[in-house]
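Q: I have a structure open here and would like to go through it. Can we take it piece by piece?

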Amino acid sequence: MRLPTHPYSSQARDAAMRRLRRANRWTVALSAALTGLLTAVTGNASIGKTHKTASGLGAASRRNAPPIHHSMLHQADRYPSHPLLAPQQAPQPARSNSPEAEPSQPSSAASEATLSPTREAPPEAAAPSRQSSLTPKPTHVSAPAPEAPALPKSAPTPSASRLKRHLIVSGGS
Amino acid sequence: MSSTTATTGGSELATLSWEALGTSVVVQITERESSARARKVVERELDAIDRACSRFRADSELSRVNRCAGRIVEVDPLLIGALRVALRAAECSNGDVDPTLGSALVLAGYDRDWKQIADVDSRPGDRQDAWPARPEVVARTIAGWQTVEIDLERSRVRIPRGVQLDLGATAKAWVADRAAAAIHRNLGCGALVCLGGDVATAGLPPAGGWCIHVTDDHRAGPRAPGQTVTIMSGGLATSSVAVRCWLRNGVNMHHIIDPATRAPVRGRWRTASVAAADCTDANTATTAALVRNRYAVEWLKKLGLPARLVEHGGAIHELGGWPAAPREDRQAGCTR
């Protein structure tokens, strides 16, 4: 025969503790699941992440706006970005008969101190040798001159004066 | 438009030049007979990009997005493309080339087409009177490139309130790449397109390569102090704080903005030239180099980009295989 348990007995306390532990476990499990769910929902629903590294800066402006989907953004060919790409071949120096080497340059104001900048990289030897097989070998643009070596091609070469008219200028704009 | 031709390596090199987008356009192709068609191809590209990306045209797609800041705007896919290029540049440069600096440019005084600014500046007094004499405190939303929202599927864009887009740092180089590729694709010849000093190439180069003179100002001409190099492919760009300058309240301003200060860059370099796989990458690197100041050297070395950096004093630094300038060029470079 089972004795009636006193409301303040040790059995009643143990039973209550078991119930409490069970409730605690459920609470922890539910909160973890809810956190995961909310994270997934907000992650998918939040708009305007044009980049993986999108910060929270845009969150305020998104609050009252209809969602924009950007699912295709990350599938784009060059996007998200690869780093800036070097050319197949570094620029090559033009020959000495190029226009800038003609004696029309004003250079008297140059001081020796400013003529010896730190050299950050060795010239030409350090050029990356990623030239493709389709790319012609670099040659210097020059007019045929007695002391100048001939261009490797047998085709007629442009004269310096003619090339001068075709010299492209790259500068700030 | 001016046009000249020269024979190079058995084929005829034709050069066309005219003005568009507020700057100079120079096109070189390796087949003279295709000159007229090449020009049409380039003009079509320029017109399309102007209608999509101009900050100074009220009817452009970009102006519409700027006017509707805070709201979703359906735009031309070309603007979406230009925005993606600009955002990639921002990401690659860690935010140094930021397309959301339009309002900073306006604050600095670059609020209209450059020709108009130059015209006003040529009349002393007018430009200065337009600005308050006393220091002015203006609060603006500081929003970075990460806040630009793009919907590729529906071709829609939204920028936060207070943000103004400016694609000047990338759009010109991008359209140069597009135009050169379009010439090569449509006409089959080698092509070089130079837009305001940003050079893009496509197809086989002429014998000896494309000959380019690098200097501070692309309008200065080939006799200006600088260095002449040849490239076989890819792009080459130059950015300089010595050009496109104006005065505001007695302070020198220019068009290259530091996203950290939202003011014109005040750094070590006067001019940066970079060669890259295409003109867009080259131009991104030059702008970022000016913004990065002394850290640009390490950054460019790490990327392996051939570069030529000129200090304000004239000292020249060649990196990543950029050819050393002859002594006379180095001297000439120091005179500026």
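What follows is a short exchange about this predicted model.

Q: Start with chain B. How many helices and strands are there in it?
A: Chain B has 10 helices and 18 strands.

Q: And what share of chain B counts as buried?
A: Of its 336 residues, 63% count as buried. The area that chain B exposes is about 12,000 Å², and carbon and sulfur atoms supply 49% of that.

Q: What part of the contacts in chain B comes from residues 24 or more positions apart?
A: Such pairs make up 60% of the chain B contacts with a separation of 6 or more.

Q: On to the interior. Which residues of the largest nonpolar core touch the most other members?
A: That core has 55 residues, and the ones touching the most other members are Val27(B), Val42(B), Leu79(B), Leu167(B), Ile183(B) and Val193(B).

Q: Which elements give two or more residues to this core?
A: On the strand side they are β2 (11-20), β3 (23-29), β7 (191-195) and β8 (198-202) of chain B. The helices are α1, α2 (61-67), α3 and α7 (171-187) of chain B. Helix α7(B) gives the most, with 10 residues.

Q: Is there some general background to this?
A: In soluble globular proteins, nonpolar side chains tend to be buried together.

Q: What does Leu79(B) touch, not counting residues up to four places away in sequence?
A: Leu79(B) touches Ala52(B), Cys53(B), Glu61(B), Leu62(B), Val65(B) and Leu167(B).

Q: What does the second, separate core include?
A: The second core has 27 residues, including Ala285(B), Val297(B), Leu305(B) and Leu309(B).

Q: Back to β8(B). Are its residues buried or exposed?
A: 5 of the 5 residues of β8(B) are buried, so the strand is largely enclosed by the rest of the structure. Asp198(B), Ala200(B) and Ala202(B) are buried on one side, and Val199(B) and Thr201(B) are buried on the other, which leaves both faces of β8(B) covered.

Q: Do β7(B) and β8(B) pair in the parallel or the antiparallel sense?
A: Antiparallel, over 5 bridges. Within this pairing, Cys194(B) stands opposite Val199(B) in β8(B).

Q: How many residues lie between β7(B) and β8(B) in the hairpin?
A: There are 2 residues between them, and Gly196(B) in the turn has a positive phi of about 55°.

Q: How many bridges join β8(B) to β11(B)?
A: There are 2 bridges to strand β11 (residues 235-240) of chain B, and the two strands run antiparallel. Ala200(B) has Gly235(B) as its bridge partner in β11(B).

Q: Now the sheet with strands from chains A and B. What is its order?
A: It is an open sheet of 4 strands in the order β1(A)-β10(B)-β9(B)-β2(A), with mixed pairing. β1 (92-93) and β2 (168-172) of chain A stand at the edges with a single partner strand each, so one side of each has no neighbour in the sheet.

Q: How do β1(A) and β10(B) pair?
A: β1(A) is antiparallel to strand β10 (residues 226-231) of chain B, over 2 bridges. Thr230(B) in β10(B) is the bridge partner of Gln92(A).

Q: Charges next. How many salt bridges are there over all chains?
A: The structure holds 16.

Q: Which residue forms a salt bridge with Arg88(B)?
A: Asp281(B) does, with the closest N and O atoms 2.8 Å apart. This pair links distant parts of the chain, as Arg88(B) is in helix α3 (residues 77-92) and Asp281(B) is in helix α8 (residues 279-292), 193 residues apart.

Q: Are Arg88(B) and Asp281(B) buried or exposed?
A: Both are buried.

Q: What about the salt bridge of Arg51(B), which residue is across from it?
A: Asp47(B), with the closest N and O atoms 3.0 Å apart. Arg51(B) and Asp47(B) are 4 residues apart in helix α1 (residues 35-53) of chain B, about one helical turn. Arg51(B) is partly exposed at 42% relative accessibility, and Asp47(B) is partly exposed at 37%.

Q: Which residues are linked in a network of salt bridges?
A: Asp50(B), Arg57(B) and Asp59(B) are.

Q: Last one. How many disulfides over all chains?
A: The count comes to 0.

Technical notes: Residues numbered from 1 in each chain as written. Chains lettered and ligands numbered in written order. Predicted model: local features only at pLDDT ≥ 70, side-chain atom pairs only at ≥ 80, totals over all residues. Heavy atoms only, no water. Buried < 20%, exposed > 50% of the residue type's maximum accessible area, 1.4 Å probe, protein only. Contact = heavy atoms within 4.5 Å. Areas by Shrake-Rupley, 256 points an atom, 1.4 Å probe, with all protein chains shown as cover. Pairing = 2+ DSSP bridges. Salt bridge = Lys/Arg side-chain N within 4 Å of Asp/Glu carboxyl O. Core = buried A, V, L, I, M, F, W, Y, C linked by side-chain atoms within 4.5 Å. Disulfide = S-S within 2.5 Å.
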